[in-house]
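Okay, thanks for coming, everyone. I'd like to walk you through a structure for a few minutes, so let me put it up on the screen.

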Amino acid sequence: MEKSTLIGPFKQIITMTGIPLKGAVKDSELHIISDGGIIITGSTITKIGDFELLKESDKIAETITLKGNHVCVPGFIDAHTHICFGGSRAKDYAMRNAGKSYLEIAHAGGGIWDTVMQTRKSTQEELTKSTIKLANRHLKNGTTTIEVKSGYGLSVDEELKMLRAIKEANITAMPDLIPTCLAAHMLPKDFQGTETAYLSEIADHLFPMLKSEKLANRIDAFIEESAFSAEDIKDYFNTARALKFDITVHADQFTPAGSKVAVNYKALSADHLEASTENEIEIIANSDTIAVALPGASIGLGCDFTPARKILDAGAALAIASDHNPGSAPMGDLLTQASILGTFQKLTNAEVLSGITFRAAAALNLSDRGKLEEGLLADFAVFHSDNYQDILYNQGNLKPCMVWKDGNLVYDKHN
Ligand SMILES: [Zn+2]
């Protein structure tokens, strides 16, 4: 029999169990185990409960006894990032803050297309290395699962290079990386043809490779005036659905349109939603599609936040992700951004924590993580504190002292 390890005592374990997937949540709904312990066997949690009672179990081969006050929460899940890229967009950031428009920046050689050029110049190995570096940085902030999009290749070969780099990075990176194909990020400037001609080339030639090389099971598209319309994307999403890919959408970032598309195609998530009106919010709330707020993009661009309060009050599921990318969301710190979204949108601790744990897991179609309970992956972050409220109160400045992934202590500030 595999040996078991008991860890504890934790002053508080915030299990995130017993909270519905959708709608508003009060802090009093949080299930908190005081003076708790967790038993890990292999990569999973086999028991969770009172530390002193768990100590009496005869299956424990080893006990890791914590000194001082510690709070344990599920490892954070970042359900939307673009951390595989080449180059930097510091110049765009400076120009934007100096008052230049989106078009002026594009004319000066900035924008998404700049990152495409830089990413195409990078080798697969370089992209693998830089992705691992960013993923491991996020792990130290408590993030144990990270979705990573392609979308800076924008041709069959260059998208393949990115997705192979992400697959390779996942072998070494400490967090789990969940790949998504975002070939429908924008119409590449060097493509000779229409939006639909580009999309059908991707669907015909890239989709089969995603399956045969197991590169991604998720298809994303940017629905926006500057990218693809609801009409453009029809055949693309129909093909993706027929091939049983999961669908996700960049929706309503600047103009409302994408969330309707997301719900129509039964997307797992509709991400951004800064421009969603009551109409779009209601459509999402009446669907199984999860709303994903991306405060990092609002902070990076100086735009309004996603109406997270209204989304939760309408009864929708709300996840919160970093959108970490070199252009609009260069900071990448999920916990900081989620805390700030909480202050501007008046979200409870329970709502913010739900958004970066089990609700984010659902946006990625993952049922094996996001809560601390028997049978789930032993992925958790531990903070020096006697009160879980300290985590968001410190707005990202209180860092985990330990992070466990798949039952292994992968980061330990004590040492
Ligand atoms: Zn994005």
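Let's start with how α5 and α6 cross: the crossing is right-handed. Before I go on, keep in mind that this is a predicted model. Two packed helices are generally described by the angle between their axes and the distance between those axes. For this pair, α5 covers residues 124-140 and α6 covers residues 156-172, the angle is about 45 degrees, and the axes are 8 Å apart. So α5 counts as oblique to α6.

Which residues of α5 and α6 meet? On the α5 side you've got Q124, L127, T128, T131 and I132. Facing them from α6 are K161, M162, R164, A165, E168, A169 and T172. If you sort the residues of that contact, five are nonpolar, four are polar and three are charged.

Okay, second helix pair: α7, residues 195-205, and α9, residues 230-242. Here the axes are again 8 Å apart, but the angle is about 10 degrees. Anything under 35 degrees counts as roughly parallel, so that's what we call α7 relative to α9. From α7, the contact takes in E195, T196, L199, I202 and A203, and from α9 it takes in D232, I233, Y236 and T239. The breakdown for the contact of α7 with α9 is five nonpolar, two polar and two charged.

Now, on to the empty space. Rolling a probe the size of a water molecule over the atoms shows where that space is left. What is the volume of the largest pocket? About 810 Å³. There are 36 residues lining the largest pocket, and R89, Y102, G111, I112 and F254 are the ones closest to its centre.

Three helices each put at least two residues into that lining: α2 (90-97), α3 (102-107) and α4 (112-121). Which of the helices gives the most to the lining of the largest pocket? That's α3, with four residues. By character, the lining of the largest pocket has 14 nonpolar residues, 13 polar ones and nine charged ones.

The second largest pocket comes in at about 200 Å³. Its lining is 15 residues, and nearest its centre you'll find F85, G87, S88, R89 and P326. You've heard R89 already, since it's on the list for the centre of the largest pocket. At least two lining residues of the second largest pocket come from α2, and at least two from α5. This lining splits into seven nonpolar, seven polar and one charged.

What about cavities? Searching the whole structure for cavities of 30 Å³ or more turns up one. The largest cavity has a volume of about 30 Å³. Around the largest cavity sit N141, D333, L335, T336, G396, L398 and K399. That makes two nonpolar, three polar and two charged residues in its lining.

Last stop, the backbone. As a reminder, most residues other than glycine have a negative phi, and most peptide bonds are trans. With that in mind, have a look at G8 and P9, which are joined by a cis peptide bond with omega at about -5 degrees. P9 is part of strand β1, residues 4-14.

The other spot to click on is L273, which isn't a glycine but has a positive phi of about 65 degrees. Where does L273 lie? In the loop between β11 (269-272) and α11 (278-285).

That's my tour. If you'd like to look at anything again, I can bring the view back up.

Methods
Residues numbered from 1 in each chain as written. Predicted model: local features only at pLDDT ≥ 70, side-chain atom pairs only at ≥ 80, totals over all residues. Heavy atoms only, no water. Axes fitted to C-alpha atoms, helices over the stretch in contact; angles between N-to-C directions. Parallel < 35°, antiparallel > 145°, perpendicular 65-115°, else oblique. Left-handed = near helix turned anticlockwise from the far one by under 90°. Contact = heavy atoms within 4.5 Å. Nonpolar A, V, L, I, M, F, W, Y, C, P; charged D, E, K, R; others polar. 1 Å grid on protein atoms, 1.4 Å probe; cavity = no way out; pocket = protein on both sides within 12 Å on 5 of 7 lines; lining within 4 Å. Points joined across faces, edges and corners; volume = space filled by probe spheres on them.
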